[in-house]
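I opened the notebook with the sequence and the coordinates side by side. These entries set down what I looked up, in the order in which I went through it.

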Amino acid sequence: MRKIIICSVIAFTNYLDAAAELIFTEQPFQLPRAVQGITVTDFNADGSAELIAQFPSNLRIFFANNSEYDFDKNFIDIFVLSESQQSAAWDISYDHNNNPAIVVLNSKGQLNRWVYDGARFNEELILASLTPSIPRGLNRLNFVIDANNDENNDYAIPQFGGIGLFISDQRGQFTNPISLNSEIEVNTLLFSNNPVRDLGQKTRIPELQLRDVNADNELDLIIDTEERLEAYIFDGSKKAFPDTPNYLIDKNEIEARLGEFDIENVDFSNLTGVLALTHEEILEDINGDGIEDLLLREGGKVSIFEGHSEGLKLDTPKQILRSGGNVLSTFLHDENNDGYKDLWLWRVEPISVSDIFVWLALSGRIDLEAFIYTNQNGNFARRPARKITVSLKFPPVTRLASSFNQARESIRTATDRDNEQTLRINRNSNQLADDLAHYAGGKIEIFLDNLKEEDKDASFLSSVGYTSEQDVYEIDLRSVIDGIENQIDPLLKNTHGKKADTVIQLNNLSQNAKIFAVRLNSDNHDDFILLDALSDQWIDGVLLLSNE
Amino acid sequence: MKAKTSGNAGNSVRLTLLLAGSVAANSHGQDNFAQFELEREENWSPLISEDMNGDRLKDLVYSHYSETGGRELYIHYQQPDGTFQTTPNRIEIKREIIGIGFAELRTTPGMELVLYANTGVFSLSSSIEGYSNNLRPLVRWDLIANIPDIKTVEFLPPLEDINGDNKVDMLLPGVNGYGLFLNTTIDDEKSSFALEDVISPVNDNLLSARRNNRGAELNGRLSLNAKEGIVVDVAVKRSHPFDGFLTTWPRAISEEILQEENQPLLENESWVPNIVIGNFDNSVGNELAYLNLDNEARSQLNLRSLRTQTSADELDWAGALPEGDDLTLVDLDLDGLLDTFLLEGSGDSWEAKLYRNRGGYFNFKVPDQIMRFSGYDVRLKVFPAPLGDPTLNVSYYTIPVVEAIRNTSVTRVNLIYENNIVDDALLFGRKPISRQEENFGVENIRGLAEQLSLDFDIDGDGANDAIYITENGTLAAKKVQSDLTIAEDPFWEYILPKTVFEFKVLKLNDDEIPDLILRHGTSTTVLVSRP
C-alpha cells in the first residue's frame, strides 16, 4: 500500500530556497522479526539506495525500482551460513569497473565475492587465509578497506591475536599479509553461580587507524594498543607497507620504567600520587612541518621526539619538560592562535583518604589546573605562559549515587508518549545537514536551516564558557545532575518559539517508533525510515520518500 | 612469575597466640603453616587449587601469558611438606581453547583438564607431556563463546554430578540453549557422555522484552582532550530496540551514525540466561533453575528436573518474582534445599525478602521474612551456629555525617540473627542477637579491604569463626561465642610482612585443618597447615 502525503508547509517565508511543496510518498512495510539489521546503500549505483537486511543466516537485498521498494518480490537472497558453516562476516566492495559485490569471509578463512551483474549474484573465491576470529553467526564486519590508497580493495581480517592485512594489486594478487597486533577485545563468561548473570561472549575489534603521519600524502597505519604504539609508514616508491613497524613505542617498557602499582605502597595522604605511574603517547605535529612528532608523558616528565619522513628520532628527545605535582593529563591545543599547538599540562591537587571520607557525607571540590606551555617554533617554552584553574564542585558522593539512580529510574519508567527523537538532516538543497527533524507523538516536525549555529563541533572549553581573558572557572556537578531529568536535547534549543516548517502526522505507527534519516532516492534530500515496536512475527516500518 | 617458599612458621611468619587458653582448647596443632609466596604479573587473576597428580594434595593452577610463549597453564605441584614447587610445570594452551575446567575422567591419578573449545569439549592429562596421544574428545557442542582471548583463558569449576548417579556430567551453554550431557562411561579409561537434553532458558516473552527493552542508561563523562578541553557531561539515554539497527554504507549519513566517530571493525554480543544447577527438591540428583519472563513480562524463576528429551519442554514449577534488584539462591535454613532472597532498594535504604523453599516451589507472593536495613553495600550470608542452627549474618556500611566530618571515618555494621525457633513463620529472629560496629578511618583503612567473614572455621573446631583483616593488614579471627556474639579480641592473628587484601579459607591437603590463600597487592601467599 502506498499513499502520498502532502505536508502542510507551515512557515517558509524566511526560507525561500526551501522546497515550497514538500511531498512524501509513504510506504508501509513489514520485515520478519528475525531480521537483525539493515544496511542502506546505493548498491547498484542507480541513484536509489538498496536495503540489505541481515537475517540470522542470509542476506536479503531489497532493490529500489524507480525509488519504489517491493518488499514481497524485488529482492535477492544470499545464503551464507549453513549447518557446517556457523560463522561468517560480510562487507560491500566495488571493483575497478564499479561492479558491486557482497564480500563474505567464512569461518574457514575463505574470502568470497558475490558480484552483482545487474541481474544476479555470481560467487568467486578471491582469497584463502588462516582461520579468522569471527563471532558465531552472521556479522557485519567493516573489513574491506583501501589501506594503501591505490583504489584496490584490501582486506583487514581478524585473526587470533590481531589483524591480518591483505593488500591486493590491480590484478587482484595479494602480497604477503602484514600481521598487526591490533587488540581484539573479548569478554567471556561461561560459568556463574549468580542466576541473574547471563553467560556468553562479547567481542569488539577496533577500527584500524589510517592517516598520513609523515606528510607524504600517503596513508600510514597506526596501531595503538594497551601494550604498544606502532606506525607502519607507507612506502610510496614500493607502494607497500613494511612488514614490521617503522617505529614502535613499547608501553610495557614505559610501565616497567615507571614502576609497578602496588597498593601496599600507596600514600593515603596523597592518593593522586599514583598518577606518577601513568603515561601518555600522543602523535601530533608539534613543529609545524606536517610530520607527526611524539609527545611522551611519563608521570610529570614530558619528552618530545621529532618525527621525520621515515619515522621518529627516538634516540634523543628534542626536548624534556618536568612538572611537579600530580600530572593528570596532557594535550596539544593552539591557545594563542599562532598556528602552533601549545602544550596543556593538567594537574590535580593532592587528594587524601580523609578527603574521600568527608566527601562521602559532605559536598566537596577538586581543583584542576592547566599549565600552558607556548609552542615557540617547535619547542615549548620552559615555563608556562598561563595557568587556568577549573574547580569541580560536587555534592556528597552518597547523594550523587542516589541522584543518578533516581534520574535513570525516572527516565526508564517514562511512558512511550515521552518517546522523542531529534535528527540532524538535510532537507533543503544546500548540501548541509543543517535542518532538524523532531519526532514525537507520532508526528515529525521539520525545521529548516535550524542548525547553522550548531554546525561547528563543540568549541574548546565551551562547557566552562572559556575566554582568553579569564583564568578561573567552575563546574558545579550538582547543577549538571539536577539537569538530567529536565535534559533538553541541545539540537532543540534553536526551535524554541519557532513553528516547524513542515509537519508530518503519521497515523499508522505506534508512538514508540524509531526514526532514521537516510538518502533513499536521488533527489538530494534525506528521506525517513521509521521502525515500529515489534509484534511477535514482524517488524513494522514506514518509508517516507521525498518527492522533489 | 616468582615463587618463594619457607618451610615452616618462622622468620617472616608467626602465629600469634593472643588468647593462649582459647588456643590451647581449640587448636589442633595449626600453629604451623608451610608458606609459599607466588608473584605473578596478574596477581588478581584466578588462582585455582586442584589435585592434578592424585597425591591428595591440591596444586596451584593458573594461566600465564608471554609474547614468546603465548598462553600457558602453570601448575605448581604441592610437595609433601606443604610447600609448592617453585618452578611450575607448563602446559601450552592451544589457541582454540576458550575455557579450562577440571574433572576426574581417567584412571590415571589426579584431575584431568577439561578443555572447552569452539565446537567441543576435550580432556587432557597434565601428567602426559604434549597433546598428541593425550587429548581426548568428550563431546561435540557449539559453545556460545567461540573466540578465544589471546592472553587469558576462562576457568570453570570442576564438573559435577548433576543427575545423582555419582558420575560427573556436563551442562554446556550454546547458542540455542544448554546441552545437558550425562555421563555414560562404562570403561573408566574412556569417559563418554551423551546429549540427554537441550534446554533453552529463552522464551518468547524474554525475546520480545529484550528487543523492546526501553531501559535507561546513565552515561557520565569527565574528559580532558584537545578538542573540547575539559568536559563534564552526565546524560541519561533511554534505549530503543532499534538503536543501531540501521546503518549506512559508506558510513555516516544519519545523525546517529555521525555521532559515533570511532566505529569498530566489528562488535558482537551473544548471551543466554544462566542456568544454575542446585538441589531444589528432595528427589535424587539436582534440578536446574533459570530466569526468564512470564506472560505479563515479569521476571520468573523456573525450576526443572532432569528428564528425557520426550518431555523437554515441561517445567516442574515457575513463579513470577516480586520486584527486586538481585536474586540470590542460598540455603537459608540449612535443610539441604536452595532457598532464595531478593534485595530491593537503593542508596542506604534496602529491603531483603526471604523465601523458603517449600519442597520444589516458592511462594513469592508472601515472603517468609522481610528485613530492612539502612546502610550501603548490604550483604546477607547464612552460616551454621556452633550447634548447627542456621544463623544469618548481615553486614553493611553507614556514613554518619558527624563521624565523617569529625573523625573522617565510616562505620561497618555486623549483625547476627539467630535461627527463629519461637515463631515458625519467620526464618530468623526479628531483631539481631548481636551487633558489632567498627569505625574505619585513615589509620585503620586496611581493615576495609574485605568484609568480616563468618563462612569459615579457621581452627577446625567445628564452629565457624569471624575472620577479618586487621587495621595492620594482617589476618585475624575471633570466636563466635555460644550466645552468637563476636568475641572482643581475636584468638589468633597471622602476621605477614605484606598487607592482606583478600583471603580464602579452603582445604589444600587431606588433614582436617583449614588452609589459606592470602592475596597481597602484587603477590599471593599460600599457607598449608602442617600436622
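The entries below go from confidence to overall make-up, then to the contact between the chains, and last to the strands of chain B.

**Confidence.** I note at the outset that this is a predicted model, and that its scores are ipTM 0.90 and pTM 0.89. For chain B I found an average pLDDT of 86, with 88% of the residues scoring at least 70. I then looked for the weak stretches and marked residues 7-30 of chain B, where pLDDT stays under 50 although the model has 50 contacts beyond four places in sequence for them. I marked residues 252-261 of chain B as well, since the pLDDT there is below 50, and this stretch has 16 contacts in the model beyond near neighbours in sequence. Where pLDDT is low, the predicted coordinates should not be read in detail, and I leave both stretches at that.

**Chain A overall.** I listed the secondary structure of chain A and obtained 4 helices and 44 strands. Its C-alpha trace spans about 70 × 60 × 60 Å along the principal axes, and 36% of its 548 residues count as buried. I also looked at the sequence separation of its contacts: among those between residues at least 6 apart in sequence, 46% join residues at least 24 apart.

**Contact between the chains.** I counted the residues on either side and found that chain A gives 97 and chain B gives 87. On the side of chain A that touches chain B, the largest share comes from helix α3 (residues 397-412) of chain A, with 9 residues. I sorted that side of chain A by class, which gave 57 nonpolar, 24 polar and 16 charged residues. I also looked for strand pairing from one chain to the other, and noted that strand β4 (residues 37-41) of chain A pairs with strand β18 (residues 246-248) of chain B in the parallel sense, over 3 bridges. Within that pairing, A:Val40 has B:Thr248 of β18(B) opposite.

**Strand β9 of chain B.** Is this strand buried or exposed? I found that 5 of the 6 residues of β9 (residues 112-117) of chain B are buried, so the strand is largely enclosed by the rest of the structure. I then followed its partners. Strand β8 (residues 97-103) of chain B runs antiparallel to β9(B), with 6 bridges between them, and B:Phe102 has its bridge partner in B:Leu113 of β9(B). Strand β10 (residues 120-124) of chain B is also antiparallel to β9(B), joined by 4 bridges, and here B:Leu115 stands opposite B:Phe122 of β10(B). I recorded β9(B) and β10(B) as a hairpin, with 2 residues between the two strands.

**A four-stranded sheet in chain B.** I traced an open sheet of 4 strands in chain B, in the order β20-β21-β22-β23 and with antiparallel pairing. Its edge strands are β20 (275-278) and β23 (317-320) of chain B, each of which pairs on one side only. On average, and with direction ignored, neighbouring strands of the sheet are turned by 20 degrees against each other. I took β20(B) and strand β21 (residues 287-293) of chain B as the pair to examine, and found 4 bridges between them in the antiparallel sense, with B:Ile277 opposite B:Leu288 of β21(B).

How values were computed
Residues numbered from 1 in each chain as written. Chains lettered and ligands numbered in written order. Predicted model: local features only at pLDDT ≥ 70, side-chain atom pairs only at ≥ 80, totals over all residues. Contact = placed C-beta atoms within 7 Å. Nonpolar A, V, L, I, M, F, W, Y, C, P; charged D, E, K, R; others polar. Pairing = 2+ DSSP bridges. Buried ≥ 20, exposed ≤ 12 C-beta atoms within 10 Å, placed from the backbone. pLDDT = per-residue confidence, 0-100. Axes fitted to C-alpha atoms, helices over the stretch in contact; angles between N-to-C directions.
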